Amino acid sequence: MNDSIPAIGQLIEPAPVRFSFDAPGWYVVGGIVLVLILTGAFLAWRRYRKNRYRREALRWLQQEEQRLVAAMEYAQLVYTADMLVKRIAMQRYGRETSSLRGKEWLDYINRTWHSTFTDDDAKLLDALYASADKIEASRANSFIDKTKHWIKTHKYEL
């Protein structure tokens with residue numbers, strides 16, 4: 001048999017098609033990818049702007065913490081942190097939060113994030129407002145750590 005004539009039942013394959021980005025489908029894919037990149041960049045920029053108050057609050061709290069720990073004024077440190085949380089809560093959730101105190105206040109704050117201040121923290125705040133007793137550094141540091149975590153992770157709105 002002649003090799004140039006295909007046998008019956010043999011497939012005749014066309015020549016391979018060269019790959020090229022000139023096909024119109026690639027323009028569509030490129031446009032979609034560009035839109036996705038621009039949308040992602042815009043959303044990241046908007047989130048960054050929206051969280052500006054968090055960065056400023058954490059920076060301010062860090063400065064106050066350094067100053068008050070150096071002076072060993074732990075009661076003032078806890079008070080300062082509590083007032084910062086109140087200011088942020090008033091801005092985010094409304095002025096009705098300003099009248100809350102102690103356990104009622106911390107219960108309200110606990111609803112705005114996925115971690116919790118404890119009853120021990122409520123007792124710490126009650127002791128802070130009831131008298132000018134000394135507060136241990138470990139309790140103050142624990143409260144400050146929870147405050148920083150709350151500032152970083154609380155919900156924007158209830």
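Trainee: What is the relative accessible area of phenylalanine 143?

Mentor: Heads-up: this is a predicted model, with residues numbered from 1 along each chain as its sequence is written. Local features need pLDDT of at least 70, side-chain atom pairs need 80 or more, totals for chains, interfaces and linings use all residues, and side-chain values use heavy atoms without hydrogens or water. Phenylalanine 143 counts as buried (under 20%; exposed is over 50%, partly exposed in between; 1.4 Å probe, protein chains only), because its value is just 2%.

Trainee: Which residue does phenylalanine 143 form an aromatic pair with?

Mentor: Rings of Phe, Tyr and Trp (its six-membered ring) pair if their centres lie within 6.5 Å; planes under 30 degrees apart are stacked, over 60 edge-to-face, the rest tilted. Here the centres are 5.4 Å apart and the planes at 40 degrees, a tilted pair. The partner is buried too, at 6%, and sits in the loop between H4 and H5, so the pair ties helix H6 (residues 137–153) to a part 26 residues away in sequence. That partner is phenylalanine 117.

Trainee: How do the planes of phenylalanine 42 and tryptophan 45 sit, and at what angle?

Mentor: Both lie in helix H1 (residues 24–50), three residues apart, about one turn of the helix. Phenylalanine 42 is partly exposed at 42%, and so is tryptophan 45 at 44%. Their centres are 6.1 Å apart and the pair is tilted, because the planes are at 40 degrees.

Trainee: Which residues form one aromatic cluster?

Mentor: The structure holds six aromatic pairs. The cluster is made up of Phe19, Phe21 and Trp26.

Conventions
Helix = DSSP H or I, 4+ residues; strand = E, 2+ residues; numbered from the N terminus.
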